[in-house]
Amino acid sequence: MALFGNAHTVDPMKAQNEYARLLGHGEQVHAAYTLIRDTMLFTDRRLIMIDKQGLTGKKVEYHSIPYRSISHFAVETAGHFDLDAELKIWISSNTVPMQKTFTKGVDIYEVQAILTQFVAR
């Protein structure tokens, strides 16, 4: 699942309010990123991928990944000619990683640090 385009950070409190219906009792959003129309939420319990589908974006898939299900992940930094950074996440027992592409508007090291904080518990 690869997305291309502009990525930026979202205020965690704004994401907490906007996606409150998705969150469990007491669950807190620690970081959020928007990639074109899609969103990634890093909560204290799981990673939530919000995938808006179709031309209108009215159809939405919410993919919930408990951190314990992430077997490993990788980040690829942007280069001189390739300006996009990539995040790859392997879900246990799946050989093909989920991929997200970030432009230079997002610090990929920050994303990696957030994943490390929750996956390495």
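Buried, in this talk, means under 20% relative accessible area. Keep that cut-off in mind for F118. Its relative accessibility is 3%, so F118 counts as buried. One caution before I go on: this is a predicted model.

Let me start with the rings. A pair of aromatic rings is described by the distance of the centres and the angle of the planes. This structure holds 3 aromatic pairs. Take Y33 and F42. Their centres are 6.0 Å apart, the planes meet at 85 degrees, and the pair is edge-to-face. Are these two residues buried or exposed? Y33 has 0% relative accessibility, so Y33 is buried. F42 also comes out at 0%, and F42 is buried.

Now the pair with F118 in it. The partner is Y67. The ring centres lie 4.9 Å apart. The planes are at 10 degrees, so this pair is stacked. Where do the two residues sit in the chain? Y67 is in the loop between β5, residues 59-66, and β6, residues 70-76. F118 is in helix α2, residues 108-119. That puts them 51 residues apart, so the pair links distant parts of the chain. Y67 has a relative accessible area of 4%, and that makes Y67 buried as well.

Back to Y33 and F42. Ring pairs join them with F102 into a cluster. Those three names come up again in the core. The largest nonpolar core has 22 residues, and Y33, F42 and F102 touch the most other members. Which elements feed this core? β2 (29-35), β3 (38-43), β4 (46-53), β7 (85-91), β8 (98-102) and α2 each supply at least two residues. The largest share comes from α2, with 5 residues. There is also a second, separate core. It has 9 residues, including Y19, V29, A32 and L41.

What does Y33 touch, leaving out residues up to four places away in sequence? The list includes H8, T9 and V10. It also includes D38, T39, M40, F42 and F102. V106, E110, V111 and I114 are on it too.

T39 deserves a moment of its own. T39 sits in strand β3. Its relative accessible area is 7%, so T39 is buried. The T39 side chain makes a polar contact with the side chain of Y19, at 3.5 Å. Again leaving out residues up to four places away, T39 touches Y19, Y33, T34, I48, M49 and I50. So on your screen, find Y19 from the second core, then look for its polar contact with T39.

Next, the sheet. Here 3 strands form an open sheet, in the order β6-β7-β8, with antiparallel pairing. Which strands are at the edges? β6 and β8, each pairing on one side only. From one strand to the next, the twist averages 15 degrees.

Go through it seam by seam. β6 and β7 run antiparallel and are joined by 6 bridges. One bridge to find: V75 has L87 in β7 as its partner. Helix α2 packs on this sheet and touches β6, β7 and β8. The direction of α2 makes about 165 degrees with that of β6.

How covered is β7? Mostly: 6 of its 7 residues are buried. On to its pairing with β8. There, 5 bridges join the two strands, which run antiparallel. A85 has its bridge partner in β8, and that partner is F102. F102 is also in the ring cluster with Y33 and F42.

β7 and β8 form a hairpin, with 6 residues between the strands. Look at S93 in the turn. Its phi is positive, about 65 degrees.

One more residue in β8: M98. Its relative accessible area is 10%, so M98 is buried. How far is M98 from A74? In sequence, 24 residues. In space, 10 Å from C-alpha to C-alpha.

Let me pull the threads together. Y33, F42 and F102 form a cluster through ring pairs, and they touch the most other members of the largest core. Helix α2 supplies the largest share of that core. The helix also packs on the β6-β7-β8 sheet. And α2 carries F118, whose partner Y67 lies in the loop between β5 and β6.

Note on methods
Residues are numbered from 1 along each chain as its sequence is written. This is a predicted model: local features need pLDDT of at least 70, side-chain atom pairs count only at pLDDT 80 or more; totals for chains, interfaces and linings use all residues. Side-chain values use heavy atoms; hydrogens and water are left out. Rings of Phe, Tyr and Trp (its six-membered ring) pair if their centres lie within 6.5 Å; planes under 30 degrees apart count as stacked, over 60 as edge-to-face and the rest as tilted. Buried means under 20% relative accessible area, exposed over 50%, partly exposed in between (1.4 Å probe, protein chains only). Helices (H or I, at least four residues) and strands (E, at least two) are DSSP runs, numbered from the N terminus. A nonpolar core is a set of buried Ala, Val, Leu, Ile, Met, Phe, Trp, Tyr and Cys residues joined through side-chain atoms within 4.5 Å. Contact means heavy atoms within 4.5 Å. A polar contact is a pair of N or O atoms within 3.5 Å; within protein, one must be able to donate a hydrogen and the other to accept it, and residues adjacent in sequence count only if both atoms are side-chain atoms. Two strands pair if DSSP finds at least two bridges between them. Axes are lines fitted to C-alpha atoms, for helices over the stretch in contact, and angles run from 0 to 180 degrees between N-to-C directions.
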